[in-house]
Amino acid sequence: MRFLILTLVAYGLGAPPASAGSASTGYSKCAKPSRDLLDNILSLAPSNSLLGNFDGVPVSLPREALEIVEYDKPSPDGHRSFGRPIRSLSFHIALKGLKYEWPSQQKISERPINTTVLVSVNGNSNYPGKRSVQNLVDNYVDSLPYIYEHAGISHGLDAYRSVKTPANSSLNRPYIYTKMAATAEAAVFIRCSERHYVTATCEMNFTTEPQFPAVVIGTFRTSFLPYWADIKLRVSDILFDFCFTPSLK
């Protein structure tokens with residue numbers, strides 16, 4: 001398995017990363033080109049890359065780093081084309097140099113470890129829509145069988161805990177974290193295992209709007225929850241760097 005290498009600076013527990021909220025240098029590349037330009041840039045794409053688009057935004061993907069790429073339709077002539085809508089893709093990012101929070105100790109350990117984030121992207125026919133993140137909040141926080149209540153702020157996120165569960169229920173009761181956008185809808189939804197294991201994971205959901213319409217799911221160990229904002233930013237930068245519109249650089 002090959003990884004995209006992502007090195008994060010270790011911050012104090014609960015302190016927001018210095019880069020959080022900064023503008024990505026790749027955002028301006030994500031745009032829908034004219035049909036004439038789309039035909040012209042095909043020859044400029046790296047010969048070993050996989051090509052496609054998210055809602056018309058052309059992307060060039062590093063073949064060696066991707067694990068899965070699914071298209072909405074096969075290439076009509078068997079050749080590479082930016083005209084093929086990408087339904088889903090996935091890859092791993094290697095996190096290096098982080099300090100680690102041991103669940104049993106609830107403190108930052110000085111022991112550096114290497115682990116990964118699994119990144120999955122769903123677009124085009126597989127894109128659930130702009131409200132997909134808010135719908136997750138509605139489905140978990142505001143629906144039965146569990147009743148969730150706000151449990152304060154944790155790592156810059158609104159935290160929710162299940163306070164009522166069905167009798168004899170064997171279902172998981174994940175910890176829920178959200179981050180609201182200016183639109184009063186959730187911009188980030190994170191669901192973490194309530195199990196206190198080193199291998200327990202969190203699943204972070206966010207969209208790539210307005211650069212292109214897709215939903216991103218990042219899976220990482222619960223120990224890296226304090227770094228969620230930096231992970232989101234770096235994953236977004238990688239995805240936006242896949243955009244391929246040379247004339248807009």
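A disulfide is a pair of cysteine sulfur atoms within 2.5 Å. By that rule, this predicted model holds two disulfides. Numbered in sequence order, the bonded cysteines pair 1-4 and 2-3. The nonpolar interior includes a largest core of 41 residues and a second, separate core of eight residues.

**Disulfide C30–C243**

- The sulfur atoms of C30 and C243 are 2.0 Å apart, and the two residues form a disulfide.
- The link of C30 and C243 is right-handed, with 90° about the S-S bond.
- C30 sits in the loop between β1 (4-7) and α1 (35-41), while C243 sits in the segment after α3 (228-241), so this bond ties together parts that are 213 residues apart in sequence.
- C30 has a relative accessible area of 10%. The cut-off for buried is under 20%, so C30 counts as buried.
- C243 is buried too, at 1% relative accessibility.

**Disulfide C192–C202**

- C192 is joined to C202 by a disulfide, with an S to S distance of 1.9 Å.
- This link of C192 and C202 is right-handed, with 105° about the S-S bond.
- C192 belongs to strand β10 (residues 186-192) and C202 to strand β11 (residues 201-207), so the pair ties together parts that are 10 residues apart in sequence.
- C192 is buried, with 3% relative accessible area.
- C202 is buried as well, with 1% relative accessibility.

**Nonpolar cores**

- In soluble globular proteins, nonpolar side chains tend to be buried together.
- Within the 41-residue core, the residues with the most contacts are F91, I190, F212 and I231.
- Helix α3 gives the most to this core, with seven residues.
- The second core, of eight residues, is separate and includes V137, V141, Y160 and F189.

**Contacts of I190**

- I190 is among the residues with the most contacts inside the largest core.
- Neighbours within four places in sequence are left aside here.
- On that basis, I190 is in contact with L157, Y175, I176, Y177, C202, E203, M204, L225 and W228.
- One of these partners, C202, is also the disulfide partner of C192.
- I190 lies in the residue range of β10 (residues 186-192), the strand that holds C192.

Note on methods. Residues numbered from 1 in each chain as written. Predicted model: local features only at pLDDT ≥ 70, side-chain atom pairs only at ≥ 80, totals over all residues. Heavy atoms only, no water. Helix = DSSP H or I, 4+ residues; strand = E, 2+ residues; numbered from the N terminus. Buried < 20%, exposed > 50% of the residue type's maximum accessible area, 1.4 Å probe, protein only. Core = buried A, V, L, I, M, F, W, Y, C linked by side-chain atoms within 4.5 Å. Contact = heavy atoms within 4.5 Å.
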